[in-house]
Amino acid sequence: MTHNVLDEAAARGLLAELSAQLDRAIEPDARLILIGIHRRGDSIAAEIGRHLEPTRGSIPIGSLDITLYRDDFGQVGALPTVGTTRIPESIEGAHIVIVDDVLHTGRTIRAALQELSDFGRARRIQLCVLVDRGGRQLPIQPDYVGRVIEVGPNQDVAVRVANTDGDWGIDIVALPAVPEAGT
């Protein structure tokens, strides 16, 4: 069962608000680079970049595939699908904003930070997420949040992005119940 939280218009409005948060908080002369986490974070980073272009000009936008940096990489399967990481320019001295769709345990962001450190030493790294659903397992908090959505133990948050899913939106999705041990 799926429950729609934000439709296309509301999700686009949330992206505009999130972009405005970044524009207000980051110094105008900062060498800003947006780096989205593949698959949906990079689409959100591109949309934020589009919103910031009128005030900040063209912003370099990259994409991180964190597959090889996951702490559960050995459990992914025999042939994990590894995508491409694309960093548009040197991150030395840059103000990096990592962008993702949903922040949950923090393990994806830990992996992103580890991978990003292989590319150099940024002046500052911040985190921007469209949805914070809580449930952290690591001490990681976002600097910019579109919406906080609380979900139950058998629910997940699904963000739809236009270039992957056909439209923008946020849904709460019911997960299949896991049988208790011994039943």
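Here is a short chat about a predicted model.

Colleague: Which residues of H1 are buried, and on which side of the helix do they sit?

Modeller: The C-beta directions of the buried set cover an arc of only 140° around the axis, which puts them on the same side of H1. The face turned away from that side carries the exposed residues Ala9 and Arg24. As for the names, the buried residues of H1 are Ala11, Leu14, Leu15, Leu18, Ser19 and Leu22.

Colleague: How far apart are the end C-alpha atoms of helix H1, and what span should its 18 residues give?

Modeller: H1 covers residues 8–25, and at 1.5 Å a residue its 18 residues should span 26 Å. The distance between its end C-alpha atoms agrees with that, at 26 Å.

Colleague: Which element supplies the largest share of the largest nonpolar core?

Modeller: That core has 30 residues, and Ile44, Ile48, Leu130 and Ile170 touch the most other members. Several elements each supply at least two residues, including strand S2 (32–37), helix H2 (41–56) and strand S5 (124–132). The largest share is five residues, and it comes from H1.

Colleague: What residues does His38 contact, leaving aside neighbours within four places in sequence?

Modeller: His38 lies in the loop between S2 and H2, and its side chain makes a polar contact of 3.3 Å with that of Asp42. Further along the chain, the C-alpha atoms of His38 and Leu64 are separated by 5.6 Å, although the two are 26 residues apart in sequence. With neighbours within four places left aside, His38 is in contact with Ser63, Leu64 and Asp65.

Colleague: Why are Glu8 and Arg12 separated by about one helical turn, and how far apart are their closest N and O atoms?

Modeller: An α-helix has 3.6 residues a turn, so residues three or four places apart point the same way. Glu8 and Arg12 are four residues apart in helix H1, so about one helical turn separates them. They form a salt bridge, and both belong to a network of salt bridges with Glu47 and Arg50. The closest N and O atoms of Glu8 and Arg12 are 2.8 Å apart.

Colleague: Is Arg133, the salt-bridge partner of Asp156, buried or exposed?

Modeller: The closest N and O atoms of this pair are 3.0 Å apart. Asp156 lies in strand S7 and Arg133 in the loop between S5 and strand S6 (144–148), so the pair ties together parts that are 23 residues apart in sequence. Asp156 counts as partly exposed at 30% relative accessibility. Arg133 has 14%, which is under the 20% cut-off, so Arg133 counts as buried.

Definitions and conventions. Residues are numbered from 1 along each chain as its sequence is written. This is a predicted model: local features need pLDDT of at least 70, side-chain atom pairs count only at pLDDT 80 or more; totals for chains, interfaces and linings use all residues. Side-chain values use heavy atoms; hydrogens and water are left out. The expected span of a helix is 1.5 Å times one less than its number of residues. Buried means under 20% relative accessible area, exposed over 50%, partly exposed in between (1.4 Å probe, protein chains only). The arc is that of the directions from the helix axis to the C-beta atoms. A nonpolar core is a set of buried Ala, Val, Leu, Ile, Met, Phe, Trp, Tyr and Cys residues joined through side-chain atoms within 4.5 Å. Contact means heavy atoms within 4.5 Å. A polar contact is a pair of N or O atoms within 3.5 Å; within protein, one must be able to donate a hydrogen and the other to accept it, and residues adjacent in sequence count only if both atoms are side-chain atoms. A salt bridge is a side-chain nitrogen of Lys or Arg within 4 Å of a carboxyl oxygen of Asp or Glu.
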